[in-house]
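Open the model in your viewer and keep the selection panel at hand. The tour goes stop by stop, from open space to packed interior.

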Amino acid sequence: MDKSIDTATHETKKRNQRHNREDQVAKKIVWLIVTAVMFVVLVVGFVVYSNVSYNFQPYNVKDTQKVEVEVENGYTLRDLADVLEEKKLIRSASMFNFYLKTKDIGDLQAGHYAISPSMTFDEIITVIKTGRVDKSLVLATVLVKEGVTLEDIAQVVAQNTPIDAQTFMATAQDEAFIAELVSKYPDLLTSMTTSQGVKYKLEGYLFPATYDYVKADDAKSMITKMVDKTNTVMNRYYATIQSQNKTVHQVLTMASLAEKEGVTDEDRRKIVSVFNNRLVANMPLQSDITVLYALGVHKELVTYADLEVDSPYNLYKHTGYGPGPFNSPSESAITATLNPEQTDYLYFVADLKTGNVYYSRTIEEHNALVEQYVNH
């Protein structure tokens, strides 16, 4: 046999054997890698599953004591989840928020709910979804009427809760607390911070509504509820306010005048029109409401002596909007402010007996109406 052929055959066999060994090594390496990856996946999966399973469990199955949870107006599902985690009623806000999105919850109903750490996610959701507000948690209610001032609100709170008026007013003027509110509600309160000569910065920002008082409430929490309600209402109007090149502060200030000067929506829209026309003409608004606020009194008729009160709120002496709102306006007054009648009236006067409002374009017409419906 030819030795060269034998040598070639031998080399081929060696090469094939080497390739086979390399293939076997490669297969072992691949098998090891796949095994390692599968092991890691299984371990990670087990950890994730354990974590998810753990976070889905009640916070403490043995603790059945009910904890008060307040759902404020405008709360999102995420807000609710954060509150539940903060109160140690669930293990994970993120997990609960994710689970909530798989359920048809709808809008959250504001109120006070009784929830225990022993409840499952589904049990908590049932309480929230059915709106099972625990009225036993509510110790009192506070009715803030349309058109009342901050000082009036302090008195109402004091009459219905253990929070005295002095504490309420002091809290409402606390600069650090106001800064917290501005940070929490920037769309609502930022324009207020730039106004000069304001008597009370939060005047006009505590919305007229009924508020629950619960055991944990103090002046801060009550004021926050009222500001939060205003923000919830005003959320519907922020875009419109911006499109009209106005500030929230201006709108609430004008609305507070419309609130007290008019009774019907139609009259409020016309009254706002009068005030807008006077602003354009650089005329003082000359609203008695502004004088009464400057004086700090409530009365039917304003005297000539009253008109001389030295205050930036006296809009007989000063032009423009004044420093800020004169009371807490209703949503009706706010919508009238944003949707006024288009008129050329510059004056109006109300018949105090009937409540009818009469409008005029000239001072002569106005004086005649005053003589007929007021002086007479």
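**Stop one: the largest pocket**

Select α5 (150-160), α11, α12, α13, β5 (347-350) and α15: each supplies at least two residues of the lining of the largest pocket. This is a predicted model. The largest contribution to that lining is from α15, with six residues. The space in the largest pocket is about 1500 Å³. Its lining has 50 residues, and those closest to the pocket centre are Glu261, Asp288, Glu300, Val302 and Tyr316. Show those five as sticks. Then colour the lining of the largest pocket by class: 25 residues are nonpolar, 13 polar and twelve charged.

**Stop two: His366 on α15**

Stay with α15, which covers residues 363-375 and holds His366. Is His366 buried or exposed? His366 has a relative accessible area of 14%, under the 20% cut-off, so it counts as buried. Now select its contacts. Neighbours within four places in sequence aside, His366 touches Tyr347, Phe348, Val349 and Ser360.

**Stop three: helix α13**

Move to α13, residues 288-295. Ile289, Thr290, Val291, Leu292 and Tyr293 are buried there. What covers the buried residues of α13? The cover includes α11. Step off the end of the helix to Gly296, which follows α13 and has a positive phi, near 75°.

**Stop four: the second largest pocket**

Select Glu70, Glu72, Tyr75, Val83 and Lys184. In the second largest pocket, with about 510 Å³ of space, these are the residues closest to the centre, out of 20 that line it. Add β1 (67-71), α2 (77-86) and α9 (219-234), the elements that give two or more residues to this lining. The largest share is from α9, with four residues. Colour by class again: the lining of the second largest pocket has eleven charged, five nonpolar and four polar residues.

**Stop five: the cavity**

Which residues line the largest cavity? Select Lys246, Gln250, Val251, Met254, Val272, Asn276, Tyr321 and Thr337. Two elements give two or more residues to this lining, α11 (248-261) and α12 (265-280). The largest share, three residues, belongs to α11. By class, the cavity lining has four nonpolar residues, three polar and one charged. The space inside comes to about 30 Å³. The count of cavities of 30 Å³ or more is one.

**Stop six: the nonpolar cores**

Turn to the packed interior. The largest nonpolar core has 63 residues. Select Phe168, Leu188, Leu189, Ile223, Met226, Met234 and Ile334, the residues with the most contacts inside this core. Centre on Met234. Leaving out neighbours within four places in sequence, Met234 contacts Leu188, Ile241, Val248, Leu252 and Ile334. Apart from this core lies another, of 23 residues. To find that second core, select Leu80, Met119, Ile125 and Ile128, which are among its residues.

**Last stop: the whole chain**

Zoom out and switch to cartoon. The protein has 15 helices and six strands. Of its 376 residues, 42% are buried. Take the contacts between residues at least 6 apart in sequence: 63% of them join residues at least 24 apart. Finally, turn on the surface. The accessible surface is about 20900 Å², and 53% of it belongs to carbon and sulfur atoms.

Note on methods:
Residues are numbered from 1 along each chain as its sequence is written. This is a predicted model: local features need pLDDT of at least 70, side-chain atom pairs count only at pLDDT 80 or more; totals for chains, interfaces and linings use all residues. Side-chain values use heavy atoms; hydrogens and water are left out. On a 1 Å grid over the protein atoms alone, a cavity is a set of points where a 1.4 Å probe fits but cannot get out, and a pocket is an open set with protein on both sides within 12 Å along at least five of seven lines; lining residues have an atom within 4 Å of a point. Grid points are joined across faces, edges and corners, and a volume is the space filled by probe spheres set on the points. Ala, Val, Leu, Ile, Met, Phe, Trp, Tyr, Cys and Pro count as nonpolar, Asp, Glu, Lys and Arg as charged, and the others, Gly among them, as polar. A nonpolar core is a set of buried Ala, Val, Leu, Ile, Met, Phe, Trp, Tyr and Cys residues joined through side-chain atoms within 4.5 Å. Buried means under 20% relative accessible area, exposed over 50%, partly exposed in between (1.4 Å probe, protein chains only). Contact means heavy atoms within 4.5 Å. Accessible areas come from the Shrake-Rupley method with a 1.4 Å probe; for residues, only the protein chains shown count as cover.
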